[in-house]
Amino acid sequence: MDSLQRKLCDMQGRLFKLSVDKEYESFNFIKIFMSSDIAKGLDSEFDRTQWVGEEYLIDEIANEYKDKLTIGDVLDKEVMYWVGYTYRFWHYYTGESSKEIVKQASPKVISANYLMFHTMDTKMAVDNLKEIYRQKQN
């Protein structure tokens, strides 16, 4: 993974963390974001969203999804940062789209595994989350 990709993982982590400050219900925010055109842009090799920063992106999400975003229960900021970072890392690690990733590790599943996985190497955490998904499919 190159330095730009690591920066984008960090930016997505900060974006998820910023959603807590806005009091957006965490599971809903994650589902909306991971299925959005914004996440699709971050998945592409080059897109303007890769250069704008989390403050701009949170405003763009708020404008585009104002009817779907809800105020409510939020996860801890550190959990949200890790979830955002891990989802973006997952994309670079496997090449899967944000939509495919969130189907495999729902907000509930990934956040529930934070305590076990957040101290692991991120590749190992992704491999474990993929294994959880595989086991549920069988």
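Me: What makes Trp 90, Glu 96, Lys 130 and Tyr 133 residues that Gln 104 touches?

Reply: In this predicted model, contact requires heavy atoms within 4.5 Å, and Gln 104 touches Trp 90, Glu 96, Lys 130 and Tyr 133 once residues up to four places away in sequence are not counted. Gln 104 itself lies in helix 6, which covers residues 98-104.

Me: Why is Gln 104 called buried?

Reply: The relative accessibility of Gln 104 is 12%, and buried means under 20%, so Gln 104 counts as buried.

Me: What makes the pairing of the Gln 104 and Lys 130 side chains a polar contact?

Reply: The side chains of Gln 104 and Lys 130 are joined at 3.0 Å, and because a polar contact needs a pair of N or O atoms within 3.5 Å, the value of 3.0 Å satisfies that distance limit.

Me: How do you know that Lys 17 forms a salt bridge with Glu 78?

Reply: The closest N and O atoms of Lys 17 and Glu 78 are 3.5 Å apart, and since the cut-off for a salt bridge is 4 Å between a side-chain nitrogen of Lys or Arg and a carboxyl oxygen of Asp or Glu, the pair qualifies. This pair links distant parts of the chain, with Lys 17 in helix 1 (residues 3-21) and Glu 78 in helix 5, 61 residues apart.

Me: Why is Glu 78 called partly exposed?

Reply: Glu 78 has a relative accessible area of 41%, and partly exposed covers what lies between the 20% limit for buried and the 50% limit for exposed, so Glu 78 is partly exposed. Lys 17, with a relative accessible area of 30%, is likewise partly exposed.

Me: What makes Lys 77 and Asp 21 a salt bridge?

Reply: Their side chains meet at 2.6 Å, N to O, which is within the 4 Å that a salt bridge allows, so Lys 77 and Asp 21 are counted as one. Here too the pair links distant parts of the chain, Lys 77 being in helix 5 and Asp 21 in helix 1, 56 residues apart.

Me: How do you know that Glu 131 and Arg 134 are about one turn of the helix apart?

Reply: Both residues lie in helix 9 (residues 122-137), and they are 3 residues apart, which is about one turn of the helix. The side chains of Glu 131 and Arg 134 also meet in a salt bridge of 2.8 Å, N to O.

Conventions. Residues are numbered from 1 along each chain as its sequence is written. This is a predicted model: local features need pLDDT of at least 70, side-chain atom pairs count only at pLDDT 80 or more; totals for chains, interfaces and linings use all residues. Side-chain values use heavy atoms; hydrogens and water are left out. Helices (H or I, at least four residues) and strands (E, at least two) are DSSP runs, numbered from the N terminus. Buried means under 20% relative accessible area, exposed over 50%, partly exposed in between (1.4 Å probe, protein chains only). A polar contact is a pair of N or O atoms within 3.5 Å; within protein, one must be able to donate a hydrogen and the other to accept it, and residues adjacent in sequence count only if both atoms are side-chain atoms.
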